[in-house]
Amino acid sequence: MTFIVKLHKHFQRTVILLATFCMVSIVISAYYLYNGYKQENEVSEISSEVECGNLPVLLSPWKMIKASEPLRTDPVVLVFVESQYSVLGQDIIMILESSRFQYHIEIASGKGDLPILIDKNKGKYVLIIYENISKYMNMDSWNRGLLDKYCGEFSVGMIGFQKSNDNTLQTFKLKGFPFQIHGNVGIKDCCINPHSPLLHLTKPSKLDKGPLPGTDWTVFHINHSAYQPVVFAKVRVPENLPPAAIKNVLHATVIHDLGLHDGIQRVLFGNNLNFWLHKLIFIDAVSFLTGKRLPLSLDRYMLVDIDDIFVGKEETRMKASDVQVWYAKKSAMVW
């Protein structure tokens with residue numbers, strides 16, 4: 001009888017210990033799940049009351065993937081265009097040529113056929129650019145796997161542009177990425193995330209408020225800490241917006257994939273290069289993703305033709321007040 005009583009008490013103590021352990025485990029798990037959820041959604045909860053200069057630090061606490069190693073890849077950019085006459089493709093090539101960067105052009109086929117990427121154990125390209133990122137997303141699994149493996153092994157980054165297909169509001173999840181995008185919207189009040197590591201030529205200064213031209217913009221609704229907004233803006237049209245794309249809230253028009261998901265860093269643009277700020281961000285992205293192997297110097301040289309400025313036709317020549325205005329404005333410009 002005494003043995004049974006002792007066994008019963010031992011069993012009770014065991015049950016109590018197990019129950020206590022389970023409760024502690026639940027509390028700890030709930031704590032970490034809550035913190036993870038809060039961290040993943042902190043980017044998407046930036047309201048219109050937050051000014052660009054006061055944006056919270058959005059950098060992930062994890063270490064970012066290292067950029068391409070100089071000895072393992074040639075300093076050549078591989079550019080996939082939709083056709084040799086496409087406007088955006090020509091803009092990309094023009095910037096690369098004016099920057100004196102070497103490049104190789106490929107027509108992005110529907111199947112996603114790839115050129116030779118490796119020659120004698122050395123990568124042939126230091127950066128991949130897609131004029132239409134959908135061509136990359138919709139590649140067949142074999143070629144997509146080859147390209148991702150190449151980018152991962154040789155630490156090669158990628159730049160892509162999201163293009164709208166028609167004039168209607170589009171809301172969908174970008175294939176292979178854990179966030180939604182809203183296409184064919186108009187935006188206003190554009191500003192730069194001052195905490196982005198991409199910035200080199202671009203200054204994170206406040207931009208003038210107002211609408212940006214066009215209604216074919218794409219904004220990214222990010223809810224994951226592995227993706228960092230680079231450029232913000234507010235949606236102004238259309239009126240029938242989904243809840244996630246509510247007006248007067250800062251949305252990302254350019255995002256930086258930190259490479260924490262698959263080891264490949266990417267910069268995605270929600271529009272073409274017609275917007276002057278996108279040109280600067282594009283140049284900075286090329287520099288950053290290549291580990292500063294394809295940079296542009298911060299030194300600038302200005303040639304002034306004295307004849308045209310000071311002895312030009314009346315009403316076209318510069319005056320002292322013009323020079324003073326230019327000098328005052330240049331400190332706020334992005335060089």
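**Figure 1. The whole chain, as a predicted model.** Accessible areas come from the Shrake-Rupley method with a 1.4 Å probe. By that reckoning the chain of this predicted model exposes about 19,000 Å², and carbon and sulfur atoms supply 59% of that area. Of the 335 residues, 41% count as buried. DSSP runs give seven helices and 12 strands. Among contacts with a separation of 6 or more, 75% link residues 24 or more positions apart.

**Figure 2. How far to trust the coordinates, going by pLDDT.** The chain averages a pLDDT of 79, with 72% of its residues at 70 or more. Residues 36-49 have a pLDDT below 50, although this stretch has 23 contacts in the model beyond near neighbours in sequence. Residues 58-63 also have a pLDDT below 50, and here the count beyond near neighbours in sequence is 17 contacts. Where pLDDT is low, the predicted coordinates should not be read in detail.

**Figure 3. Strand E1, covered on both faces.** Strand E1 takes in residues 76-81, and six of its six residues are buried, so the rest of the structure largely encloses this strand. In a regular strand the side chains alternate between the two faces of the sheet. For E1, one side carries Val76, Leu78 and Phe80, while the other carries Val77, Val79 and Val81; all of these are buried.

**Figure 4. The neighbours of E1: strands E2 and E5.** E1 and E2 (residues 102-107) run parallel and are joined by six bridges. E5 (residues 127-130) is parallel to E1 too, with four bridges joining the pair. Phe80 of E1 makes a handy landmark here: its bridge partner in E2 is Glu106, and in E5 Phe80 stands opposite Tyr130. Helix H2 (residues 87-98) joins the picture as part of a right-handed β-α-β unit with E1 and E2.

**Figure 5. Two loop residues with positive phi, Arg100 and Lys292.** Neither is a glycine: phi is near 60 degrees at Arg100 and near 65 degrees at Lys292. Arg100 lies in the loop between H2 and E2. With a relative accessibility of 76%, Arg100 counts as exposed. Lys292 sits in the loop between helix H5 (276-289) and helix H6 (306-310). Its relative accessibility is 42%, so Lys292 counts as partly exposed.

**Figure 6. Tyr227 and the residues around it.** Tyr227 is found in strand E10, which covers residues 227-237. At 2% relative accessibility, Tyr227 is buried. Leaving out residues up to four places away in sequence, Tyr227 touches Phe177, Pro178, Phe179, Ile222, His256, Asp257 and His261. Take His256 from that set: 29 residues separate Tyr227 and His256 in sequence, yet their C-alpha atoms are 5.6 Å apart.

**Figure 7. Cysteines without a disulfide.** The structure holds zero disulfides. Why is there no bond at Cys190? The closest cysteine sulfur belongs to Cys191 and is 6.4 Å from the sulfur of Cys190, which is too far for a bond, because a disulfide needs the two sulfur atoms within 2.5 Å. Cys190 is buried, at a relative accessible area of 5%. Cys151 is buried as well, with a relative accessibility of 0%.

Conventions
Residues numbered from 1 in each chain as written. Predicted model: local features only at pLDDT ≥ 70, side-chain atom pairs only at ≥ 80, totals over all residues. Heavy atoms only, no water. Buried < 20%, exposed > 50% of the residue type's maximum accessible area, 1.4 Å probe, protein only. Helix = DSSP H or I, 4+ residues; strand = E, 2+ residues; numbered from the N terminus. Contact = heavy atoms within 4.5 Å. Pairing = 2+ DSSP bridges. Right-handed = clockwise from strand over helix to strand, strands pointing away. pLDDT = per-residue confidence, 0-100.
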